[in-house]
Structures are given as structure tokens and as C-alpha cells.
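Reader: Hello! I would like to go through this model with you and ask how each label was earned.

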Amino acid sequence: MSLLFTQKLHGIKIHHARMPFFHSLITNMSLTQRIAITAMVCSSPIANATGLNFWESSTSNSALASANGASAVDASILATAPSSMTQLKTTTVTASVTRYQVDTDYDILGTQSSYSKANPIPAGFMVMPIDSNWFVGLAAYSRTAADISISEFRLPPPLNIRILEQARVRPIVVSFAPSVAYKMGDVSIGLTLEYQYADYLLEVDKCKFLGGCNTETTTGNTDGWTGAISATWQANSWLTLAATHRLDSQFGDSNIQFALPSITSVYGTIALTDNWSWHNTFSLSRWDGQGVTYTDYDDPIQLLKGSRHSKRYATSMEYRIGQLALRGGVSMDEAIDSFGGEDVRYRLGAAYTVNEHLTLDLSGFSENYARKNVRLNESYQVDVQNKGYGVSFGLTYRY
């Protein structure tokens with residue numbers, strides 16, 4: 001899996017529907033065998049992990065596991081709880097770029113292979129106070145992304161029958177989101193209008209029964225709208241709470257349809273001391289029945305659709321020593337595929353305040369996706385393990 005700022009949603013086509021014998025063969029397989037094949041196809045990290053959600057919206061959010069929605073450390077608060085932007089007292093601009101890499105190791109019915117993909121993901125945010133009560137913000141970042149490659153798959157000898165053809169699907173949705181927030185004493189309310197731009201790609205190697213293959217490529221872009229509402233409450237000097245509800249969205253064109261889920265998140269920040277903060281969040285992404293549908297791809301095993309909702313819990317801490325802030329956190333996401341499991345991410349980061357205007361951020365994270373393993377017998381199994389790595393650099397300028 002790789003992620004891009006100009007991300008593109010793509011699909012994969014399975015052509016055994018036009019080969020009745022192959023279709024019958026799959027239908028007559030044992031449940032365990034069909035599960036094994038499904039596990040192989042669903043081995044892409046995002047499709048069987050958090051369901052296309054991408055939480056690494058900025059360098060600071062990445063280091064804090066995006067658990068800091070109740071505490072605005074910079075303008076990228078717009079990606080978590082825009083209502084919390086009222087904590088920023090001057091015009092603030094935050095920019096970041098994240099290099100995200102995912103490695104996948106396969107053992108598919110005795111055939112072992114691996115692949116690795118990486119791409120840079122930029123993002124930008126700006127918050128501007130209008131007066132002591134009104135604030136506006138603008139965000140441009142990606143929160144939906146995947147790059148999935150599926151190798152050709154054949155049944156083991158002596159059958160050696162092609163079940164899936166080689167394909168690639170890369171869906172990416174970029175959000176351009178203006179927000180406004182109003183502060184009333186200890187409570188702030190935020191509203192967000194989100195324009196979603198999707199750029200999609202579908203590559204399939206179509207092979208004839210008697211031999212010979214050619215690659216068919218479908219590309220395009222489409223767009224849609226959604227929104228969010230958020231609220232932040234400064235309960236007392238040491239506790240701040242926030243919540244955000246992002247609406248679902250439905251859009252597409254003649255080639256593809258997007259049905260992206262609603263997401264509800266709650267946040268809490270506890271000031272343990274003047275220099276030590278503890279951030280926590282819980283999110284629910286309603287992926288059951290939601291996802292991406294291609295006109296020319298039936299997706300019979302729900303590669304790009306969720307079969308269950310995904311709950312996410314993340315916790316992180318920040319400790320400030322003079323001009324330096326040290327950060328670390330962990331997050332756990334429920335996989336949305338039928339196999340389930342949890343994807344765990346570990347994060348570390350630091351920020352250095354150069355002067356009253358400029359802050360530099362650096363973070364890194366490591367991900368262990370839920371392992372997918374089905375053993376058919378002593379000789380054959382389907383075993384897929386995905387691991388992700390990322391390094392992010394950001395800067396914040398306060399006017």
C-alpha cells in the first residue's frame with residue numbers, strides 16, 4: 001500500500017465470471033479453501049485494515065496518534081476537531097510531508113513473495129482569528145487512500161488454473177475543507193464544509209483462455225461534498241474535551257461510486273502538569289456496507305467494501321522541556337474485513353520552537369497490521385503480514 005496527496009481510488013477486476021468452469025470450481029471448494037483465497041486477495045494493508053482511513057494528517061498529529069483533538073498544538077487541529085482552533089490566538093500556518101511505506105510478505109499456497117511501496121504525502125492547514133470569538137480555517141489533506149497490487153493467482157498443481165488476474169487498484173480522496181468556529185466562554189462550536197476530490201486508477205491484465213495478455217487501464221476523477229460538526233469544552237484548568245462527527249458522503253461517475261462512512265470521534269486532554277499533557281481519543285468509522293464500487297469490477301469478496309464498523313482507540317503524551325516538546329503514542333484500529341483483528345501503530349516525535357514564530361516538527365511511526373493466516377493442510381497455507389513505516393517533517397509559522 002502506498003499513499004499520495006493526490007490519491008486515487010482504484011479497483012480490481014476478477015474475470016472468472018465469464019469462465020463458468022472456473023466459477024463452478026471455486027463454488028465447489030470447501031469453505032476453508034475459499035477463505036484462504038479470500039485472505040490472499042484481501043491482503044492489501046488498507047483494504048483489510050482500517051478501511052481506507054488515513055489518520056496521519058500532519059507531523060504533530062502523527063506523533064500524537066491524532067488523539068490531540070481537544071488540544072490545538074498547531075493548525076492541523078482542523079483534521080481532528082476544528083472547534084479547537086479557538087485555542088490558537090494568532091494566524092497559524094502548518095505544512096507537512098510524510099513518507100509512508102508499507103511492506104507485505106506473502107505465503108500463498110506455497111508461493112512466497114513480497115512487495116514494498118512508498119510515497120510522499122503533503123498536507124497544509126491555516127487558522128486565522130477574526131476576533132476574540134470567531135475563527136476560520138482551511139485544510140488540504142488526505143484522509144482516504146490506498147494502493148493495492150494483486151498478483152496473478154493460480155490453484156496449486158496439478159490444477160494450475162488461473163483464479164485471479166494481475167491487477168492494481170489505487171483509490172485516493174483529498175479533502176479541501178474550510179471551517180468556522182465560534183467561542184462562547186469555555187465552549188467552542190465548529191462547522192466544516194468538505195470538498196472531496198477523488199482520482200482513481202484501475203489496471204487489469206486481461207488474459208485469454210488460450211494465452212496472451214494485455215493490460216487495460218481506466219483512469220479518471222470525480223468529486224463530492226460532505227461536512228462535519230465539532231465542539232470543544234474547556235471543563236477546567238486541567239481537562240479539555242472535544243467531539244467531532246463527520247458525515248458520510250456519496251459521489252461518483254460512470255466508472256466508480258464512492259460511499260465513504262461517517263466517523264464519530266471523542267477526545268480528551270489532561271494536563272498532568274504545566275509541561276506534561278496526556279491525549280486520548282475513541283473513534284467509530286461506520287464501514288459496514290460502505291466502500292468503493294467500480295462499474296466494471298464486481299468485487300465479489302468485498303475487497304473495497306467493509307463488512308464491519310471499525311473502532312479506534314489512541315493515546316499519546318507530550319512533555320515540554322524549554323523549547324523542545326517530546327511526543328509519543330500508540331493507536332489500535334479494528335480491521336473492517338471479515339477476518340477482523342487489530343492494527344497497532346507506535347509513534348514517536350519531537351517539536352522544536354525556534355522562536356516565537358517558527359516551530360519545526362519531526363515524527364516517525366511503525367505499524368503492525370493484523371495477520372491473515374489460514375492453513376489448508378500440512379503443505380499449504382495462506383499467510384499475509386503487512387507492516388508500515390513512516391517519517392514526517394513539518395513546520396508551523398505563527399504571524
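Reader: How many bridges join strand 14 to strand 15, and in what sense do they run?

Author: Happy to start there, with the note that this is a predicted model. Nine bridges join strand 14 to strand 15, and the two run antiparallel. One bridge places T264 with its partner L284 in strand 15. A hairpin of four residues joins strand 14 to strand 15.

Reader: What makes strand 11 and strand 14 a pair?

Author: A pair needs at least two bridges. Strand 11 and strand 14 have eight, in the antiparallel sense, so by that definition they count as paired. Among the positions concerned, A243 stands opposite V266 in strand 14.

Reader: And which residue stands opposite H245 of strand 11?

Author: That is I229. Strand 10 (residues 213-234) and strand 11 run antiparallel and are joined by seven bridges. The hairpin from strand 10 to strand 11 passes through four residues.

Reader: How do you know that E56 and R347 form a salt bridge?

Author: The cut-off is a side-chain nitrogen of Lys or Arg within 4 Å of a carboxyl oxygen of Asp or Glu. For E56 and R347 the closest N and O atoms are 2.8 Å apart, so the pair qualifies under that definition. The two residues come from distant parts of the chain: E56 is in the loop between helix 2 (31-41) and helix 3 (59-63), R347 is in strand 19, and 291 residues separate them.

Reader: Why is E56 called buried?

Author: Buried means under 20% relative accessible area. E56 is called buried because its relative accessible area is 4%. R347 is called buried too, because its value is 3%.

Reader: Why are K311 and E334 called partly exposed?

Author: Partly exposed is the range between the buried cut-off, under 20%, and the exposed cut-off, over 50%. K311 is called partly exposed because its relative accessible area is 38%. E334 gets that label because its relative accessibility is 23%. K311 and E334 also form a salt bridge, with their closest N and O atoms 3.3 Å apart. K311 lies in strand 17 (residues 310-321) and E334 in strand 18 (residues 324-334), so the salt bridge ties together parts that are 23 residues apart in sequence.

Reader: How many salt bridges does the structure hold?

Author: It holds eight salt bridges. One of them joins E318 to R327, with the closest N and O atoms 2.9 Å apart. E318 and R327 are both buried. There is also a network of salt bridges that links R312, D333, R345 and E367.

Reader: Which face of strand 20 does E367 point to?

Author: Along strand 20 (residues 358-368) the side chains alternate. E367 points to the face it shares with T359, D361, S363 and F365, and these residues are buried. L358, L360, L362, G364, S366 and N368 point to the other face and are not buried. F365 is also the bridge partner of R347. Strand 19 (residues 342-353) and strand 20 pair in the antiparallel sense over 10 bridges, and a hairpin of four residues joins them.

Reader: What makes a set of residues a nonpolar core, and how many residues has the largest one?

Author: The residues must be buried, belong to the nonpolar types that are counted, and be joined through side-chain atoms within 4.5 Å. The largest such set has 17 residues, and I256, F258, L260, V292, Y294 and L304 have the most contacts inside it. Strand 7 (167-169), strand 9 (187-207), strand 13 (256-260) and strand 16 (291-294) each supply at least two residues of this core. Strand 9 gives the largest share, four residues. A second, separate core has 14 residues, including A75, I77, A79 and Y141.

Reader: Which residues are closest to the centre of the largest pocket?

Author: S71, A72, V73, E318 and R320 are the closest, out of 31 lining residues. The volume of the largest pocket is about 430 Å³. Its lining divides into 10 nonpolar, 14 polar and seven charged residues. Among the strands that each supply at least two lining residues are strand 11, strand 14, strand 15 and strand 22 (381-398).

Conventions
Residues are numbered from 1 along each chain as its sequence is written. This is a predicted model: local features need pLDDT of at least 70, side-chain atom pairs count only at pLDDT 80 or more; totals for chains, interfaces and linings use all residues. Side-chain values use heavy atoms; hydrogens and water are left out. Buried means under 20% relative accessible area, exposed over 50%, partly exposed in between (1.4 Å probe, protein chains only). On a 1 Å grid over the protein atoms alone, a cavity is a set of points where a 1.4 Å probe fits but cannot get out, and a pocket is an open set with protein on both sides within 12 Å along at least five of seven lines; lining residues have an atom within 4 Å of a point. Grid points are joined across faces, edges and corners, and a volume is the space filled by probe spheres set on the points. Ala, Val, Leu, Ile, Met, Phe, Trp, Tyr, Cys and Pro count as nonpolar, Asp, Glu, Lys and Arg as charged, and the others, Gly among them, as polar.
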